[in-house]
Each structure stands twice: as structure tokens, then as C-alpha cells.
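Hi,

Here is the structure I promised to pass on. Have a look at it first, and my notes follow underneath.

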Amino acid sequence: MVQATNTQFLDDIAGALDWWRDAGVDYAFLDEPRQWLTPPEDEDADSTGPRRPRRTPVEQVEATPPPSRFDPAALPGDLAAFGQWWLSEPLLDDGSTEGRMLPQGQAGAKLMVVVDMPEPEDSQALLGGPQGRLLDAMLAAFGTRREDIYLASALPRATPAPDWAAMNERGLGQVLVHHVNLVAPERLILLGTNVLPLIGHELPQRSAVLHTFHHEGGTIPLLASRGLPALLAQPRWKAVLWQAWLKWTTG
């Protein structure tokens, strides 16, 4: 009798399930969400074994953003240290150090020449290609040679279409001024129209202009001219530079 009752009960349940299945209801849904996974705190409380140590959340430490400008107080205080800094300082070239060229010469040189950047062909020393040969010819006409001057560049490596305004905002002009102060030459030549604005002057409107560089120890006579690539392309500008040199040195 009990077995018949159980069978009837099972038939009723199967019939109800079939009815809902025929109506298209395959799953049972609840209005209230059910916690299927036990939270770690409850799991530890229900456990009869030793409690596991609770992990302490790691405090998030915000990384210090890299500086966006040169700090004048952090610039090297002598030429030897400046050379190493020139090869490794990330801000000089957005972190890239490949292809950088060291300046050449000694402090107190009679003449310091600053070009805008190294040549693309440079691998061993600054200005080892056509621009360097033109410079050597110019120096010979001036009555000197590369070994007797201090040769530097405003940028550490050849850079296609550099953003000079952005570099100046970053403080590249301060770096150049500091570099000249370390060298303390008797005379200064800047070759490249984008170099002169770095030290506080406007873009030159002529092929060669005369200025004065003010530095910590006084003033230095300054001659600014078009860059070496422009002088290679326009021979007449070399004649203008030569006339400016004569006026600069004999006037």
C-alpha cells in the first residue's frame, strides 16, 4: 500500500515537470540571488581546522612621474660629468640614448662652435661626414682647426624634424647656456637657425648675425649663422658668413 502511494506521488511530480516543460519552462528562477560560493570569512568561521591567515591588501603606491623639464640645479658642474650626463640623460631625447655624440674639446677654448645636431652618418665622433668636411674647411679659412676649438651640438644625436619649440619648453636652452658656461670660450659661433632662439634670441633674419652671449663670468662675442646643411646647399651664404667673420674678428 505504501509502495503504491509513493508511485502515485512520483507520477504526480513527473506530470508536473512535463507540464512545465511542454509550456517552455526549462529553468527555475528565484527573485533573490543565492550565494553559491562561501565568502572567505564564513569559510574560515565554519572550518574546524586551523584558520588561514587573511591576506593584507597591498597598498597601491603611485609611481612618481618622470620630470618634464630639466632642473638647472641638477646639471653637472664640470665638463667631464657633463659628457657622461649628455650620453645618458633621458630628457635630452625622450629616453633614447642610441647614436648620441659627445662634444669635443677643452674648457677655455678660444672658439666654441655649436651646431644644431650630429650628422646622420656620425658613429665615432661628432660631424664625421660632409658637414664636418665643410666645417674643417671653414676653420682653416678662419686660421684654426678642429683640434683647437670646442665643438658641440644642441641635440645629442641626429633627429629628423625635431620639435625645437617643445625642446625649448623642456629647458634645452638652459642646458646649452650651462654648457657654454662650463666651456667659457673666448668666442662663440652658433650654426643653425634653431640654435640661436635656445639662448634667448629671435630667429635670425639674415644669413649671419652678430650678437653677444651673456654668461656668468661676463660676455662672449657671438656669431650666429645658417646651419651647415644650408651652407652646403647655398654657397652664397658661405660668402656672407665669411664677411661676418671678418667684421667680427677685425672690426
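Before the notes, one cut-off: a residue counts as exposed when its relative accessible area is over 50%, and as buried when that area is under 20%. Keep in mind too that this is a predicted model.

With that cut-off, Leu10 is exposed, because its relative accessibility is 54%. Leu10 sits in helix α1, which covers residues 2–22. On the surface, Leu10 joins Ile13 and Leu17 in a nonpolar patch, and the three together have about 280 Å² of accessible area. As a general point, nonpolar side chains in soluble globular proteins tend to be buried together.

Now for the inside. The largest nonpolar core has 34 residues, and those touching the most other members are Trp85, Met112, Val114, Leu188 and Leu190. At least two residues of this core come from each of α3, β1, β2, α5, α6 (172–183), β3 (187–191), β4 (208–215) and β5 (218–225). The biggest giver is α6, with six residues. For a feel of the surroundings, take Val114: beyond its neighbours within four places in sequence, Val114 is in contact with Ala152, Ser153, Ala154, Leu176, Leu188, Ile189, Leu190, Leu191 and Val195. Apart from the largest core lies another one, made of 24 residues, including Val115, Leu134, Leu223 and Trp248.

The strand to look at is β3. Four of its five residues are buried, so β3 is largely enclosed by the rest of the structure. β3 runs parallel to β1, and five bridges join the two. In that pairing, Leu188 of β3 stands opposite Met112. β3 also runs parallel to β5, this time with four bridges, and there Leu191 has Ser225 of β5 opposite.

On to the charged pairs. How many salt bridges does the structure hold? There are three.

The one I would open with is between Arg157 and Asp93, whose side chains meet with N to O at 2.1 Å. This pair links distant parts of the chain: Arg157 is in the loop between β2 (150–153) and α5 (164–170), Asp93 is in the loop between α3 and β1, and the two are 64 residues apart. Is Asp93 buried or exposed? Asp93 is buried, because its relative accessible area is 11%. Arg157, at 23% relative accessibility, counts as partly exposed. Besides Arg157, Asp93 is in contact with Arg100, Pro156 and Thr159, leaving aside neighbours within four places in sequence.

The next salt bridge joins Asp136 to Arg146, with 3.1 Å between the closest N and O atoms. Here Asp136 belongs to helix α4 (residues 130–142) and Arg146 to the loop between α4 and β2, ten residues apart. Asp136 is partly exposed, given a relative accessible area of 34%, whereas Arg146 is buried at 18%.

That leaves Asp148 and Arg145, whose side chains form a salt bridge at 3.0 Å, N to O. Asp148 has a relative accessible area of 40%, so Asp148 counts as partly exposed. Arg145 is partly exposed as well, at 48%.

If you want a place to start looking, I'd pick the pairing of β1 with β3, and then the salt bridge of Asp93 with Arg157.

Cheers

Definitions and conventions
Residues are numbered from 1 along each chain as its sequence is written. This is a predicted model: local features need pLDDT of at least 70, side-chain atom pairs count only at pLDDT 80 or more; totals for chains, interfaces and linings use all residues. Side-chain values use heavy atoms; hydrogens and water are left out. Buried means under 20% relative accessible area, exposed over 50%, partly exposed in between (1.4 Å probe, protein chains only). Contact means heavy atoms within 4.5 Å. Patches are made of residues with over 30% relative accessible area and no salt bridge: like charges are joined within 9 Å, nonpolar side chains (Val, Leu, Ile, Met, Phe, Trp, Tyr) within 5 Å. Accessible areas come from the Shrake-Rupley method with a 1.4 Å probe; for residues, only the protein chains shown count as cover. A salt bridge is a side-chain nitrogen of Lys or Arg within 4 Å of a carboxyl oxygen of Asp or Glu. A nonpolar core is a set of buried Ala, Val, Leu, Ile, Met, Phe, Trp, Tyr and Cys residues joined through side-chain atoms within 4.5 Å. Two strands pair if DSSP finds at least two bridges between them.
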